[in-house]
Amino acid sequence: MICTMQAHKSNSLESIISRSRELVQSGDYKQAYKLSRKAVASGASDADLSLIYGVCAYANANPSEAIKSLRKALRLRPGFKDALFNLGRILLACGKPEDAIDHLSRLATDHPDFPGAQTNLAAAYYSSGQLEPAGVAYQKAIDLAPENPETAELYNLLGSIYREREANALSEKAFRKA
């Protein structure tokens, strides 16, 4: 009887996670937040649920709950790519670039072919005044996805960094590529 109950609980949690994911993909963060919050409040503990709840909490103007939930996702599944990315992105948006650097550096190391890791890492370095590593990360993002529609913007950011570092020749070269 216990095994059946656990299977039902597990199946129910999987259903909540699946439905929440569908809601997020359709852009309905409010409903996904309500659904995932109920599961979290009932004591459910799952890395995917924590990820969804964290992303939805942030989308619903609750950044502290988002950060808490994403940290939980990482405790439950260390190295969880999506949790590292979202936690770093949210920490950066909340004005905590040094904290963001910790998570985004790990993400960039664990997933060196992920341009989003490099772009957000560069932004975190830039926000914390670390121009040289910001430039390196922006260049890696460009090299990883040269056909990305955002590449022109990355070249502009790279040019700005070079200008701030008074590397005018490199700055002009970056701006020309934009």
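Modeller: Contact means heavy atoms within 4.5 Å. That criterion underlies the description of helix H6, and the model under discussion is a predicted one.

Biologist: What covers the buried residues of H6?

Modeller: The cover includes H4, H5 and helix H7 (115–127). The residues of H6 that count as buried are Pro97, Ala100, Ile101, His103, Leu104, Leu107 and Ala108.

Biologist: What span does helix H6 reach, and what is expected of it?

Modeller: H6 comprises residues 97–110, which is 14 residues, and its first and last C-alpha atoms are 19 Å apart. The expected value, at 1.5 Å a residue, is 20 Å, and the span is close to it.

Biologist: Which secondary structure elements make up the chain as a whole?

Modeller: There are ten helices and zero strands. The pattern along the sequence is accordingly α-α-α-α-α-α-α-α-α-α. Of the 178 residues, 39% count as buried. The chain exposes about 9900 Å², with carbon and sulfur atoms supplying 50% of that area. Of the contacts between residues at least 6 apart in sequence, 44% join residues at least 24 apart.

Biologist: Why is glutamine 118 called buried?

Modeller: Its relative accessibility is 5%, and the term buried applies under 20%. Glutamine 118 therefore counts as buried. The residue is found in helix H7. Leaving aside residues up to four places away in sequence, glutamine 118 touches Ala108, Ala137, Lys140, Ala141 and Leu144.

Biologist: Why is glutamine 31 called partly exposed?

Modeller: Its relative accessibility of 36% falls between the 20% and 50% limits, so the intermediate class applies. Glutamine 31 has its place in helix H2 (residues 29–41). Its C-alpha atom and that of cysteine 56 are separated by 8.9 Å, although the two residues are 25 apart along the chain.

Biologist: Why is alanine 61 called exposed?

Modeller: Its relative accessibility is 67%, and exposed means over 50%, so the condition is met. Alanine 61 lies in the loop between H3 and H4.

Biologist: What is notable about the phi of alanine 61?

Modeller: The phi of alanine 61 is positive, about 60 degrees, although the residue is not a glycine. Most residues other than glycine have a negative phi.

Biologist: What makes the pair of arginine 19 and glutamate 22 a salt bridge?

Modeller: The closest N and O atoms of the pair are 3.3 Å apart, and the cut-off is 4 Å, so the pair qualifies. Arginine 19 and glutamate 22 both belong to helix H1 (residues 2–25), three residues apart, about one turn of the helix. An α-helix has 3.6 residues a turn, so residues three or four places apart point the same way. Arginine 19, at 42% relative accessibility, is partly exposed, as is glutamate 22 at 41%.

Biologist: How do you know that arginine 21 forms a salt bridge with aspartate 48?

Modeller: The closest N and O atoms of arginine 21 and aspartate 48 are 4.0 Å apart. The criterion is within 4 Å, so the pair is counted. Arginine 21 lies in helix H1 and aspartate 48 in helix H3 (residues 47–59), so the pair ties together parts that are 27 residues apart in sequence. With a relative accessible area of 35%, arginine 21 is partly exposed.

Biologist: What makes arginine 77 and aspartate 48 a salt bridge?

Modeller: Their side chains meet at 3.2 Å, N to O, which satisfies the 4 Å limit. Arginine 77 lies in the loop between helix H4 (63–76) and helix H5 (81–93), and aspartate 48 in helix H3, so the pair ties together parts that are 29 residues apart in sequence. Arginine 77 counts as partly exposed at 33% relative accessibility. Through shared partners, salt bridges join Arg21, Asp48 and Arg77 into one network. The structure holds four salt bridges.

Biologist: Which residues line the largest pocket?

Modeller: The lining consists of Arg21, Val24, Gln25, Asp48, Leu51, Ile52, Val55, Asp82, Phe85 and Asn86. H1, H3 and H5 are the elements that give two or more residues to that lining. H3 supplies the largest share, four residues. The space in the largest pocket is about 210 Å³.

Terms used:
Residues numbered from 1 in each chain as written. Predicted model: local features only at pLDDT ≥ 70, side-chain atom pairs only at ≥ 80, totals over all residues. Heavy atoms only, no water. Buried < 20%, exposed > 50% of the residue type's maximum accessible area, 1.4 Å probe, protein only. Areas by Shrake-Rupley, 256 points an atom, 1.4 Å probe, with all protein chains shown as cover. Expected span 1.5 Å × (residues − 1). 1 Å grid on protein atoms, 1.4 Å probe; cavity = no way out; pocket = protein on both sides within 12 Å on 5 of 7 lines; lining within 4 Å. Points joined across faces, edges and corners; volume = space filled by probe spheres on them.
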